[in-house]
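Work through the exercises below with the structure open. Try each task before reading its solution.

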Amino acid sequence: MNEMTQLERFRAEVPQPGPARVRRHEERLLAAIARDAGGAPERGRRTPRLRLLGLAAGLAAAVTAGVVVVARPGAEAPQIIHPMPVAASEVLERAAEHASRAPELHPEPGQFLVFESRTMNPSYGTDRYLYRTWRKVWLPVRGDATGGVIDGENLPPEPFPGWPVPAEAYEGVGRRSGPEKLADFDDRVEYLRSDYDYVSRLPTEPQKMYEHLYTELGNGPRDDAEAWNRVRGLLTEAYLPRAQRVALFRAAAAIPGVTTVRHAVDAAGRTGIAAARTDPVAGRRDEFIFDPKTYLYLGERSVVTDAAKAEAPVGTVLTSSAQLSVSVADHAPAVKGD
Amino acid sequence: MSEESRAEADDASCIERSRRDPEVFAEVFHRHASDITRYVTRRLGEDAADDVVAETFLAAFRQRHGYDLSHPSARPWLYGIATNLMRRHVRTEVRQLRLVERTGVDPVTASFTDRSDERLSAEASRRRLAGALASLPKGHRDALLLFTWAGLSYAEISEALGVRLGTVQSRINRARNRLREELGGINPLATVSEETVCE
């Protein structure tokens, strides 16, 4: 028996994958396809759902950044040191200082955090337009997004610059879609989790929080953009205990490239002051908007800074959200049958 | 054109259509997912393979605009992406092979095998083979296993790994010699000449 025959027999008992396993892989692909196809919530009924607000952009970034973001502990990633630069954002520093003035929520395991928000996102299907939604999400205090519930409705769409709004964009406008299951799967790596149980265990020192934001990342421009993106994941439909929230604001303030935008309008039309960071690769500025008096988090928006890369005129707001309320509930509503 | 190659000739057109209609990309998955899953599982075990396979098709989907449509079969492209993603699991792969070498226990096949005594006769050479695989430079192991386990031709391996055809030939030759040396104690230098006629 020569070496090639032996090699052919080695581990030959590993079978072709069963249908359930193939289906799991397929679901992740179909979810990505659905997002790419426009991802408007009312369409693509048969594709599995993962509708986490803070995650949509994050997942896309994770795929772009490829190996870096999805790397698992135990892989041969070299140890990268992330010394935290001096914080340079006045807005985030104020937000940290004001954190103690807001009433604190104390959700318990078994309860739900309830987020009500408005969103606007671009749809890049056959036709382009900006779809808008009102949504209310119940997220379990302990456990991943598959235990969550979503209710919502589509609001009238806005045009994408240079594109007429297609008739299909009006389908389902004004009709309640839920309550329904928020997600069929949630396979985020641990350090991207945003459930209360997990974020309560995050560090309360800014330097350690900074390191958390850079988990598995390097020190390049793409890494800084991804770290900023992870801040979004902890601000959007997520609630951190005060100590962690303060640490998050101070750590975010130290991410290189943070600037201040004096007047920024969220998806509900509220004007605030924003901590912003330009992502030169995507050609847009990502802003976290705070109330100019109380420094409570209002929402976020992305503004085009490079027309060629973003395929829209400079100054266009392509994505925005507004967090209308955060509360605690003992139960989530029963979901409608699929 | 055979039935199989006719089906594969459609990969490029599927990918081209998926640029306008992303859902068509699911067809590329249906054609190749099973084979790629088995290949990656055979190298890394089920857990790590699940990650790599899912990421492979996500990455392929994202990169579909960059696919060279003059290549009718997407197989080399997909195996190339999977090979890149497996890089971060090199330590796992080598550790498992070393475990087979030392103890005969193979974590990769443990969940698929119910009669562990079946291969006892081949036990010694199986352990030496695992040790030899573990000691190969990664690029050589990639080329060798794409050839024997994935069934790629030298030209396809060259496309998948982005290296010249001559490099593929020399990597596979050297890897085979190494294996032969470990398994049979045959002087590798004496057998080099026959290797160039593999294609």
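## Exercises on a two-chain model

**Exercise 1.** Classify the packing of α5(B) and α10(B), and give the handedness of their crossing.

*Solution.* This is a predicted model.
- Step 1. Locate the helices. α5(B) covers residues 75-86 and α10(B) covers residues 154-161.
- Step 2. Take the geometry. The axes lie 7 Å apart, at an angle of about 50°.
- Step 3. Classify. Roughly parallel would need an angle under 35 degrees, and roughly perpendicular 65 to 115. The pair α5(B) and α10(B) is therefore oblique.
- Step 4. Assign the hand. α5(B) and α10(B) cross in a right-handed sense.
- Step 5. List the contact. From α5(B) come Arg75(B), Pro76(B), Gly80(B) and Thr83(B). They meet Glu156(B), Glu159(B), Ala160(B) and Leu161(B) of α10(B).
- Step 6. Sort by class. The contact of α5(B) with α10(B) has three nonpolar, two polar and three charged residues.

**Exercise 2.** Repeat the analysis for α4(B) against α5(B), and find which residues meet.

*Solution.*
- Step 1. α4(B) spans residues 46-62. Its axis is 9 Å from that of α5(B), and the packing angle is about 125°.
- Step 2. Roughly antiparallel requires an angle over 145. α4(B) and α5(B) are therefore oblique to each other.
- Step 3. The crossing of α4(B) and α5(B) is right-handed.
- Step 4. α4(B) contributes Val52(B), Glu55(B), Thr56(B), Phe57(B), Ala59(B) and Ala60(B). The partners in α5(B) are Trp77(B), Leu78(B), Ile81(B), Ala82(B), Leu85(B) and Met86(B).
- Step 5. The contact of α4(B) with α5(B) has ten nonpolar residues, one polar and one charged.

**Exercise 3.** How do α9(B) and α11(B) cross, and at roughly what angle?

*Solution.*
- Step 1. α11(B) covers residues 165-184. The axes of α9(B) and α11(B) come within 8 Å and cross at roughly 90°.
- Step 2. That angle makes α9(B) roughly perpendicular to α11(B).
- Step 3. On the α9(B) side, the contact uses Gly139(B), His140(B), Ala143(B), Leu144(B) and Phe147(B). On the α11(B) side, it uses Arg171(B), Ile172(B), Arg174(B), Ala175(B), Arg176(B) and Leu179(B).
- Step 4. By class, the contact of α9(B) with α11(B) has six nonpolar, two polar and three charged residues.

**Exercise 4.** Describe the interface of chain A and chain B by residues in contact and by buried area.

*Solution.*
- Step 1. Count the contacts. 36 residues of chain A touch 55 residues of chain B.
- Step 2. Take the area. The two chains bury about 4,300 Å² between them. Carbon and sulfur atoms carry 60% of that area.
- Step 3. Find the leading trio. Glu3(A), Phe10(A) and Arg11(A) supply 17% of the area that chain A buries against chain B. No other three residues supply more.

**Exercise 5.** Where does pLDDT stay under 50 in chain B?

*Solution.*
- Step 1. Start with the average. Chain B has a mean pLDDT of 83, and 83% of its residues score at least 70.
- Step 2. Compare its elements. α1(B), residues 3-8, has the lowest mean, 43. α9(B), residues 138-148, has the highest, 95.
- Step 3. Mark the stretches. Residues 1-9 of chain B stay under 50, with seven contacts beyond four places in sequence. Residues 186-199 of chain B also stay under 50, with 19 such contacts.
- Step 4. Read with care. Where pLDDT is low, predicted coordinates should not be read in detail.

Note on methods:
Residues numbered from 1 in each chain as written. Chains lettered and ligands numbered in written order. Predicted model: local features only at pLDDT ≥ 70, side-chain atom pairs only at ≥ 80, totals over all residues. Heavy atoms only, no water. Axes fitted to C-alpha atoms, helices over the stretch in contact; angles between N-to-C directions. Helix = DSSP H or I, 4+ residues; strand = E, 2+ residues; numbered from the N terminus. Left-handed = near helix turned anticlockwise from the far one by under 90°. Contact = heavy atoms within 4.5 Å. Nonpolar A, V, L, I, M, F, W, Y, C, P; charged D, E, K, R; others polar. Buried area = accessible area lost by both parts, 1.4 Å probe. pLDDT = per-residue confidence, 0-100.
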